[in-house]
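Hello,

Here is the structure I promised to pass on to you. Have a look at it first, and then read on for what turned up in it.

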Amino acid sequence: MSTGLDRITKDPGLQNYWIFRIIAAIIDGIILYIPVWILQSFFLTWMMFGWYGWFGWMVLPLLLGVLEIAYFVFFEATNGASIGKMVLGFKVTTLDGQKPTMDKALIRNISKIYWLLLLLDFVLGLLTPGDPYQKYTDRMAGTRVVRTGPVQIPRPSSYPPPPPPPSYGPPPPPPSVTYCSNCGAPLTPGVAYCSRCGRKVS
């Protein structure tokens, strides 16, 4: 029986699937960075100035792993996907298409307690026979991650037409010009005498 490793070298669809899964994991990692940074800052100070510093070096990775598991279990059991998966259009379901329960979400994420176990989880999923779209813990939990498509941004089906240009009305008529009956020169409105011949305007 072929393994996921055999298929991933030949199937572009499977390659794209795991590329987008990695991008989703990076997004989740960025979201988790702030609380992780706070914990690291606290424990580094504790380890530097306390005689029990060796204990901190042992506890810190465990606390970070527990925080990561809690994040994924909460979002996958309540929303069906972590934030990173939602952004990329992924959804965690059971094999019959239902939202995973809390225990199933915990089983599929238990390897996130330590990065080496998570890497082993992915490698075993590809090296052993079965669905190449599943991690090994997905097979244990009876879950899978399906892609429903990227998040769609609502857009109007048609844009409204631009408003008509403002109407300024017809231009005003040009002023009427009168001429001197004696010399034919144009007369300035309101004057009593022609400026050329001096005749009184009637």
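To get you started: in which strand is Leu187 found? The place to look is β4, which covers residues 186-187. Please keep in mind throughout that this is a predicted model.

Let me stay with Leu187 for a moment. This residue has a relative accessible area of 13%; it counts as buried because that value is under the 20% cut-off. Leaving aside neighbours within four places in sequence, Leu187 is in contact with Thr178, Tyr179, Cys180, Cys194 and Val201. You can also pick out Val177, 10 residues away along the chain, whose C-alpha atom is separated from that of Leu187 by 7.2 Å.

Now for the whole chain. The secondary structure comes to 7 helices and 4 strands, and from the N terminus on the elements run α-α-α-α-β-α-α-α-β-β-β. The chain has 202 residues, of which 30% count as buried. Its accessible surface comes to about 13700 Å², with 70% of that belonging to carbon and sulfur atoms. Among contacts with a separation of 6 or more, 56% are between residues 24 or more positions apart.

Next, the nonpolar core. Which residues make up the largest one? There are 10 in all: Ile8, Leu14, Tyr17, Trp18, Ala24, Leu88, Phe90, Val92, Leu126 and Val145. Two elements, α2 (12-49) and β1 (90-94), give two or more residues to this core, and α2 provides the largest share, with 4 residues. Phe90, one of the core residues, is in contact with Tyr17, Phe20, Arg21, Ala81, Lys85, Val145, Val146 and Arg147, again without its neighbours within four places in sequence.

Finally, please take a look at Lys112, in the loop between α5 (102-109) and α6 (115-127). Lys112 is buried yet has no salt bridge. How far away is the nearest side chain of opposite charge? That side chain belongs to Glu76, and the distance is 5.2 Å, which means it lies outside the 4 Å limit for a salt bridge. Lys112 does have a polar contact of 2.6 Å, side chain to side chain, with Asn109. Not counting residues up to four places away in sequence, Lys112 touches Gly65, Glu68, Ile69, Phe72 and Leu118.

Enjoy exploring it!

Best wishes

How values were computed:
Residues are numbered from 1 along each chain as its sequence is written. This is a predicted model: local features need pLDDT of at least 70, side-chain atom pairs count only at pLDDT 80 or more; totals for chains, interfaces and linings use all residues. Side-chain values use heavy atoms; hydrogens and water are left out. Buried means under 20% relative accessible area, exposed over 50%, partly exposed in between (1.4 Å probe, protein chains only). Lys and Arg count as positive and Asp and Glu as negative; His and the chain ends are not counted. A polar contact is a pair of N or O atoms within 3.5 Å; within protein, one must be able to donate a hydrogen and the other to accept it, and residues adjacent in sequence count only if both atoms are side-chain atoms. Contact means heavy atoms within 4.5 Å. Accessible areas come from the Shrake-Rupley method with a 1.4 Å probe; for residues, only the protein chains shown count as cover. A nonpolar core is a set of buried Ala, Val, Leu, Ile, Met, Phe, Trp, Tyr and Cys residues joined through side-chain atoms within 4.5 Å.
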